Amino acid sequence: MIINHPILGPRDAQEFVYLGDANLINRPDGMTAGIEVFHDYLYNRDNPAGEHRELWYHEQGDRSWLVVTRNTVTHEILKVEMARDVAKAQGRSK
Amino acid sequence: MSQSNRISGGQIDRSKTFRFTFDGHTYTGHPGDTLASALLANGVRLMGRSFKYHRPRGPISAGSEEPNALVHLRSGARQEPNTRATVAELFDGLEATSQNAWPSLKLDAMAINDRLNSFFTAGFYYKTFMWPAAFWEKVYEPIIRRAAGLGALSKEEDPDEYDKGFLHCDLLVIGAGPAGLMAALTAGRAGARVVLADEDFRMGGRLNAETHEVGGQAGADWAAGVVAELAAMSNVRLMTRTTIVGAFDHGIYSAVERVSDHLAVPMAGKPRQTLWRIYSKRAILAGGATERPIAFENNDRPGIMLAGALRAYANRWGVAAGDRVAVFTNNDDGLRTAKDLQAKGVDVAAVIDSREGGDLLPGIRHLQGTQVIDSSGGLGLKSVTVRLANGKTETISCTALGVSGGWNPNVNITSHHRSRPEWREDIAAFVPGTGGPAGLTAAGAANGALSTHGALLTGQAQAIAALTDLGLTAKAANLPKAEDAPIAISPLWYVHEGKGRAWIDQQNDVTVKDVKLAHKENFTSVEHLKRYTTLGMATDQGKTGNVLGIAVMAELTGQSIPATGTTIYRPPYTPVAMGTLAGRSRGKEFKPFRLTPSHKWAAEQGAIFVEVGNWLRTQWVPKPGETTWRESVDREVLATRRLVGICDVTTLGKIDIQGTDAGAFLDKVYANTFSTLAVGKCRYGLMLREDGMVFDDGTTARMGEHEFVMTTTTANAVTVFRHLEYCRQCLWPDMDVQIISTTEAWAQFSVAGPNARKLLQKIVDQDISDAAFPYMGAGNITVQGLRGRLFRISFSGELAYEIAVPTRYGDAMIRKLMEAGAEFDAIVYGTEALGVMRIEKGHVAGGELNGQSTALNMGLGKMVSKKKDSIGMVLSQREGMNQPDGYRLVGVKPVDPKATISAGSHFMEIGAPVELASDGGWLTSKVYSPHLGSDIALGYLKAGDQKIGRRMRAVNFLTKTDTEVEIVSPHFFDPEGERLRG
Amino acid sequence: MRYSGFRVIAEALTGHKGWKPVWRDPAPQAEYDYIIVGGGGHGLATAYYLAKEFKQARIAVLEKGYLGGGNVGRNTTIIRSNYLLDGNEPFYEFSLKLWEGLEQDFNYNAMVSQRGIINLIHTDAQRDAFTRRGNGMILNGADAELLNRDQVRAMYPFLNFDNARFPIKGALMQRRGGTVRHDAVAWGYARGADMRGVDLIQNCEVTGMRIENGRIRGVETSRGFIGAKKVGVAVAGSSSKVMAHAGMRLPIESHVLQAFVSEGLKPFIAGVMTFGAGHFYVSQSDKGGLVFGGDIDGYNSYAQRGNLPVIEDVAEGGMALMPAIGRARLLRTWGGIMDMSMDGSPIIDKTHVEGLYFNGGWCYGGFKATPASGWCFAHLLAKDEPHKTATAYRFDRFLKGLMIDEKGQGAQPNLH
Amino acid sequence: MDKAWKALTGLGHETAETVEIGPYRIVERFDVALASLAVRRGQDKGFQAAAKKLGVPLPGAARHEAGKVFSAFWTTPEMWLVEADFATHEDIVSALKPGFAETASITEQTDAWVRFDVSGAGLVALFERLTNLDLATLPDGFASRTVIEHLGVYLIRHSATLVTLYGPRSSAQGLLHALEVTVKSVL
């Protein structure tokens, strides 16, 4: 596969490490959320057959974490974003 | 006999003669020959035996679709099983032997299977060999396994080298026949970056095998001219002997270049084959088409081949496959074979044409409305029996029969993404369907354009379309004039007459009868048909047989062929050597070595090294006179505890963490608190996964207000760094934290033992007295003027430091330390002694850090702070991970000090029955403690914290040992830790 | 119709006129007591045992494609019970015992071949871990042996002993491990179920579930609504898709696992072998093909195909271990969709919907589990309580912190 | 500093190695000091200014830029690797820190890497067997990390005939071996 890195352009997926569903960005706050909330966050997945937003790490590249929107049936990649930008857009900070 | 069947013409170099052997007989051929063409030229038709019935077989094709003529090519360690004689390029001294036959190809004892064929129907083995149960492995299966298989491996290491590479292009053209050449020419002239690959050693495809003219010259000459023009373009890369074997995501194709297979041995330094990953923006499949046979009784005899192959041998290689030939066809293309061979002076006995009406071939006995119903000839064709239009039968003697049932476009690669081909009635064949690999289109015969003109036209059109997609403009040049005859096929799949077997898949011996049986037993889905009869499962993936099988099933079910379905081809297009896929990553080069800064010195000392991940670490350093590893390790441990020992700990992961939020960041990633750590101090850190299990541990030092140095275990250095980047970018993106690995930048040594300080003070420029540099102190220092770092931490439990200097000085550092340590009899200890000392101190490592254990299991539960949010804090509180009778880390020693225990043993209560219910846990790590004079171990024991002082058994069924042990605190040695504070 | 050597001979002498269809093609009835969704190995085995062992009737298996077309028809055919954890080992040992009597039980030769499986050891730490595992296996009534380097060498002299990057120090062996002809397993169960009146309905895709007041009433399918008192779902890689019809999100991701077979070769490897220092495992089929595999591709996928890096990675492991296969040719690669769970272990459990049961999360270990999975799922469906060897396979183990994590990788499916 | 400190190169020798095969020249470079330079949150202004003052180039993504004293290449957002002459800047961190003060995080990287300068005609034919980067179309001054023979390597294209590789120092011998073997298969 080839991932079109927002900064570096097309790069071979072999340079990346896959983590999983990009929803992992939305980590609950441990001081307020309890076990049930964390359980749902960490363990349950939509696992769609179709568009999937997922986290890839450019380990053998620029060490950026990316949010890749990919079709899990055709493997077509529709969108690639910097995970840090996505996280901030979703209101994450410190 | 010497090339008795060689006739005039062809693209072989008759000025040179090659000598080669097949089954020990010597023959001659010429450059440009394949093994098959050369053997046929020498009158050899019998080249192999079939898989199940061991039927005698000759080549039916002249290409990579060949199911029959499979041989052992070369000998010894270079023996290549299942090599297709039809594509094996002839070289001087080539050595080939037949396979799957004993004692000889001519008299194969296993041919008895052919006599017993009525028992060996499709799937017969599913219905028998069941009694008695034990007999399967012992009796039936060994016989079946010996009989099965085709060729044999030498079982010696492959002596050849393999290479890999990457290519990039705008347009990949797969196949260099008329369509591919035209596509490449069009794109090349437009200035696009083009890769043109063809599996053959000569470009031109069918044009090399036909007599048609292209643009007023012989097709082969036109092809040569185009190849010459392309070769002159710097933007075009021509790759002969290169097969595109797989289509992967986003325009990536795998290709195998046979760099040296046409030579007796590869040239020095050169690979045998190269695996290319081709990154293309667009690709055109111009892989041509494969002719298919018509099934009739005994249609598998040597001498019976595809009509196009018979023609190719005559036109390209100057070989008449037989002295008297006949043709059996259901389409006009078959007629060409008769015309061409007659034109070359070969005796054409008859053309058996299943179609009615139409023009008769002039000067040839052209029998219409007729079918071949049987053939004769034990090891080679002698005659065919024909059912004439008038109902009479006639036997026609001939030694070669060309059969044409039509042509199947080579859709294989278009279905590698599981796109299903679509049926086209006019050519009675499947063409590429929709939903194939993005960016790939098909042209020429591969797309159903079976005429030369159609190939040229579509090749050009597809190239223009592909380039337009890419924003490039390509001109449509005038196409050279070429034949444009329709195939005029009227489908005939199998001859219904006759009680015998009519072969569909020749290699796997799948016959029309087998398809009928599958239908009878309701294996009618194409996938069931394939799996039940093994149709298409042979080394040719059914290139010649699949469509035939589907057509027969369609007739039986009364469904149309498209309704009956298709099977999709899977990568690779043709089989690929494992060596090619592995490339250089074999033997010692399977994975790169990582060497420590003291490696050179250690090697000089005769150190024993051990693989730790990709690292090579010193395991122990034997001294003269030491005969066992234990002697060396015991000495290293005792010397360290009594005096001072030095160990290279560079492999531990080191990560610089800086920024104004560095402390707050560490509070998030560590279960315990770091923001409160004073500058100049270090602290043991426990890192959890989000699921609350222990991920990693290590000491982290605060070198400045906004500057930390984190240590990880050797094993997790990479994954911890990845995790930190994840936390930094995805979870807390606004934190001011910058991280970088410094694992390799610093050579780090542990200096441990009562004399550690004395030793170090000799070379460290600053005062490191206990007052100036207390326990858990950390700081930047200089070592005889050289910048360095010092950490007062201890894994061994001794007064210990870790001292670091830039890696290039690591070798000098170990020599300095040994020199400075001479007066204290300093020694170097390896990973074994390190392991002994950490277990004596009850520190967790590999065996305990198994990814399945909580802080509580390790006796570190209190380290998980609930006062702050950290990764894993919440889920570590789940009930199942906090059971009072859960596993706890304990120390273990045998009641009898002389007794041995082993890691992996399980705990059992004394007197308890040996059963699952008695299982109390297991020993995680075990060493011999010279200090305590016995084996000691760590273990996870259920409710272990409540069982200290209890006696239990350590049971190991694998070594048949059952040892009484005492459960003790994991801190065997200096539990109060006075020594390390000393 | 009963199969036997005599029957084969008799049919041979009479022109094979007597063979009957191995299964019927019934039209779906309006309602069943049990609907099993998924005509793969686990679904067919479930129906078979429901009818045969638990004496249930009015059973249908709904298959969207053709019987046995899922992972049971595209795996590396290995059977073994060499698991580490107490939650798993009893179940897989139960499965291995069922394999040992399977052919006589369903009167179909699935070529259950116990030629032994070895897991190679390359470090002392690996030996410790395998020792713990071997002892756990024996405590669970399975067999295990620890082999030293010389014993391994005697067994497979052509392995890379002299120029290895990671030296072979021994192996954990389970002699009762081996291989089975995978398609035959599906067909044997299908035939056995059909003979006992189970309706096997192919080309029938479940498109929805009818749930009323928290109870399942039946399933919507491409062939219309079919009523059911109980519905059991065993659809492996499609688990999330099907259970979404009941509004469920699962602790499962779908990933592609590629498998490989070489051209037919004369006998080379007797048993099954896994390479502990690379991603590679291999056996040889009765037909002579080397059947091998390695890691999953590592990204979520519903495409039954993979990519090149894993193919190369597996070949590198193979060549590092067995330099003699350099000139053996890879014939075919294919991919199956694995239901990768969050701890690498399966789920056989009830759901929040009354009458709806789930069987999945098999990762790439589903084939060897087929008999026990079918038996235990049938047990749960028939008795509404878990079979004693499958009590740990609950949905709520993640909430309670009772994961069964053989590899110790945590909640990251692509690492299991 | 004490003269007794004898340094070893990544390949384990006292002097850097040069390998010449056919048209290719592989030179181990032992005379370059390296430091990572990362901008602290919200400090961009001061950071830019300091860089300007010290003459540290801050090239854009995937770029290398040569300067008088300091050269640099981009490694990851907001971070660069700075190169300087080892003889004069062995303690490169001390040379940079005062200038950048609290606007940057700076870490010594000199010995984390082994550097090979590969030169000669036909580098494309060589590197198409080593990396999936398309060297033929890369601009001069391109710098990026990639994979060569399982190793994470920074590749800098200075010109069509000169490429610099920074690989992990502990695997220096393996990286050189891969280069040598590949050169032979190209020749």
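In chain B of this predicted model, residues 24 or more positions apart account for 66% of the contacts with a separation of 6 or more. Of the 982 residues of chain B, 63% count as buried. The secondary structure of chain B comprises 21 helices and 51 strands, and the C-alpha trace spans about 115 × 70 × 55 Å along its principal axes.

Five domains of chain B are given by the domain assignment. Domain 1 covers residues 1-154, and domain 2 is made of two segments, 162-288 and 409-469. Domain 3 is likewise made of two segments, 595-651 and 745-837, while domain 4 covers residues 653-741 and domain 5 residues 883-981. The centres of domain 2 and domain 5 of chain B, taken over C-alpha atoms, are separated by 67 Å.

Among the sheets of chain B is an open one of 3 strands, with the order S21-S22-S23 and antiparallel pairing. Its edge strands are S21(B), residues 371-376, and S23(B), residues 393-397, each of which pairs on one side only. From one strand to the next, the twist averages 25°. The antiparallel pairing of S21(B) with S22(B), residues 383-387, extends over 5 bridges. Within this pairing, Val372(B) has Val386(B) of S22(B) as its bridge partner.

With respect to the assembly, 5 pairs of chains touch, and the most contacts among them are between chains B and C. At this interface, 95 residues of chain B are in contact with 85 residues of chain C. Several helices of chain B each supply at least two residues to the side that touches chain C, including H3(B) (135-147), H9(B) (512-520), H10(B) (526-533) and H13(B) (578-582). Strands that do so include S6(B) (80-84), S14(B) (252-257), S31(B) (576-577) and S48(B) (921-929). H3(B) gives the most to this side of chain B, with 6 residues. By class, the side of chain B that touches chain C has 34 nonpolar, 32 polar and 29 charged residues.

Strand pairing also links these two chains. S31(B) is joined by 2 bridges to S16(C), residues 329-341, and the two strands run antiparallel. The bridge partner of Val576(B) in S16(C) is Leu330(C). Chain C and chain D, by contrast, do not touch, and their nearest C-alpha atoms are 11 Å apart.

In chain D, helix H1(D) spans residues 44-54, and its buried residues are Phe47(D), Ala50(D) and Ala51(D). These residues lie on the same side of H1(D) because they cover an arc of only 100° around the axis. The cover over the buried residues of H1(D) includes strand S3(D) (32-39), helix H3(D) (92-100) and strand S7(D) (104-108). On the face of H1(D) turned away from its buried side are the exposed residues Lys45(D), Lys52(D) and Lys53(D). Just after H1(D), Gly55(D) adopts a positive phi of about 75°.

How values were computed
Residues are numbered from 1 along each chain as its sequence is written. Chains are lettered from A and ligands numbered from 1 in the order in which they are written. This is a predicted model: local features need pLDDT of at least 70, side-chain atom pairs count only at pLDDT 80 or more; totals for chains, interfaces and linings use all residues. A residue is buried if 20 or more other C-beta atoms lie within 10 Å of its own, exposed if 12 or fewer, and partly exposed in between; C-beta atoms are placed from the backbone. Helices (H or I, at least four residues) and strands (E, at least two) are DSSP runs, numbered from the N terminus. The arc is that of the directions from the helix axis to the C-beta atoms. Two residues are in contact if their C-beta atoms, placed from the backbone, lie within 7 Å. Two strands pair if DSSP finds at least two bridges between them. Axes are lines fitted to C-alpha atoms, for helices over the stretch in contact, and angles run from 0 to 180 degrees between N-to-C directions. Ala, Val, Leu, Ile, Met, Phe, Trp, Tyr, Cys and Pro count as nonpolar, Asp, Glu, Lys and Arg as charged, and the others, Gly among them, as polar. Domain bounds come from an automatic or database domain assignment.
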